[in-house]
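Here is a friendly note to read with the model open beside you. Please go through the points in order and find each residue as you meet its name.

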Amino acid sequence: MGPVELLHMSVFSQSFSPCGRFLAAGNNYGEIAVFSLSAALSPEASEGSQKPILNFTAHDGPVFTLLSTDTHLLSAGNGEISAWSWAELIKKTTKAAWTRKPSYETSLEIPEINAMIINPKDNSLIVGGGDNNIHIMDMETGIFKSVLKGHTDYIHCLCFKEREGEILSGGEDGAVRIWDSRTNRPVHCIEVFKYEECARPQFGKWISCLATDSDWMLCGGGPSLSLWHLRSMSPTSVFPLPGCQREAVFHQDLIMSVGEGPYVSHCLHGGTVKAQIPCTPSSLNTLALNLKNTEHRVMTVGGSSHQIDVFTNFSYRAFSLSF
């Protein structure tokens, strides 16, 4: 890859291996890079330890989403999902175990896939993207068994509320929709931009990030990042972060968020921004926490750069991996 491509690289997606020793990242060129965290974090680490052990082209378009199961890395780009065995990737073999495509209504355009999550209750894959619908695939058979319709514009983000078995989806239409995964029926629809304390009409109404923690939900995008109580269906805190947030997570007593701007924001549930930790990319798309493995417990963030920042202590950047 030449200097021009490196200059214009964006990292869109990340996923840790099931053992927590490797990180996969996807970029705007359809490439997936696999890094060895154990090598990069070892006391003997050299500059070479911060380069991928493997880099391959997985899709025609950008790799907007990556997800790991117990055995496979799932990646999605324009309209299709591919699975790669982690055991094979670690051996540097890049043959897809399978590739599947949801059944789209029109064959003319290929909608991008923006989000994928697993429903652990029935081992299904939940997929959302450019055709405004949620597609559900049975992981055992590879068959797409249902379509959830309701969004009027494309879907950016998904999350799963395990106790209730509910799917949450956020879209360009400004709605967060809540679905019962057992019946596939809609349960609630929250139009975040209609709440005055969250609305930022100058940015738009789209929802680009979603996370849940028992009865709480985080969402943001065009509207300000806000914390909602899902029983009362109302926003309890609105975070004064200037740009649009693209990924937010609950972690212990903190909320961590990334988006426009070269930093990770640490927020308190009450609505205050406690700290903003500087990062290499000028704008961020993805934040991932590796909590599977105490030895390689890191936070990694990627965005408008070929570098992925690694934090061993969440208050400052330790080093960067580079594509």
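1. Let us begin with a term. A polar contact is a pair of N or O atoms within 3.5 Å; within protein, one must be able to donate a hydrogen and the other to accept it, and residues adjacent in sequence count only if both atoms are side-chain atoms. K145 gives an example: its side chain makes such a contact with the side chain of D122, at 3.3 Å.

2. A word on what you are looking at. This is a predicted model, in which local features need pLDDT of at least 70 and side-chain atom pairs count only at pLDDT 80 or more, while totals for chains, interfaces and linings use all residues. Residues are numbered from 1 along each chain as its sequence is written, and side-chain values use heavy atoms, with hydrogens and water left out.

3. Stay with K145 for a moment. K145 belongs to strand β12, residues 144–148 (helices, H or I with at least four residues, and strands, E with at least two, are DSSP runs numbered from the N terminus). K145 counts as partly exposed because its relative accessibility is 43% (buried means under 20% relative accessible area, exposed over 50%, and partly exposed in between, with a 1.4 Å probe and protein chains only). Setting aside residues up to four places away in sequence, K145 touches D122, S124, I136, M137 and D138 (contact means heavy atoms within 4.5 Å). From K145 to K194, 49 residues along the chain, the C-alpha atoms are 34 Å apart.

4. Which backbone atom does the side chain of N132 reach? The partner is the backbone nitrogen of Y154, at 3.2 Å. N132 itself sits in the loop between β10 (124–129) and β11 (134–138). Leaving aside neighbours within four places in sequence, N132 is in contact with H151, T152, D153, Y154 and I155.

5. S13, in strand β1 (residues 11–16), is buried because its relative accessibility is 3%. A polar atom of the S13 side chain lies 2.8 Å from the backbone oxygen of V63. Beyond four places in sequence, the residues that S13 touches include A24, A25, G26, F64 and T286. The C-alpha atoms of S13 and Y195 are 30 Å apart, with their positions 182 residues apart along the chain.

6. Now look for the largest nonpolar core, which has 16 residues (such a core is a set of buried Ala, Val, Leu, Ile, Met, Phe, Trp, Tyr and Cys residues joined through side-chain atoms within 4.5 Å). F16, L23, A25, F35, I308, L321 and F323 touch the most other members. At least two residues each come from β1, β2 (22–27), β3, α2 (37–41), β27 (307–311) and β28. A second, separate core of 15 residues includes L168, V192, C198 and L210.

7. How many aromatic pairs does a search of the whole structure find? There are 4 (rings of Phe, Tyr and Trp, for Trp its six-membered ring, pair if their centres lie within 6.5 Å; planes under 30 degrees apart count as stacked, over 60 as edge-to-face and the rest as tilted). The pair of F35 and F323 is edge-to-face because the planes are at 90 degrees, with the centres 6.4 Å apart. F35 lies in strand β3 (residues 31–36) and F323 in the segment after β28 (319–322), so this pair ties together parts 288 residues apart in sequence. Both F35 and F323 are buried.

8. F56 and W84 form another edge-to-face pair, 4.8 Å from centre to centre and with 65 degrees between the planes. F56 is in strand β4 (residues 54–57) and W84 in strand β7 (residues 81–85), 28 residues apart. Both F56 and W84 are buried.

9. Finally, the cysteines. A search of the whole structure finds 0 disulfides (a disulfide is a pair of cysteine sulfur atoms within 2.5 Å). Why is C219 not bonded to C198? The C198 sulfur is the closest cysteine sulfur to that of C219, but at 6.7 Å it is too far for a bond. C267 is in no disulfide either, as the nearest cysteine sulfur, that of C209, is 11 Å away. C219 is buried, at 0% relative accessibility, and C267 is buried with a relative accessible area of 0%.
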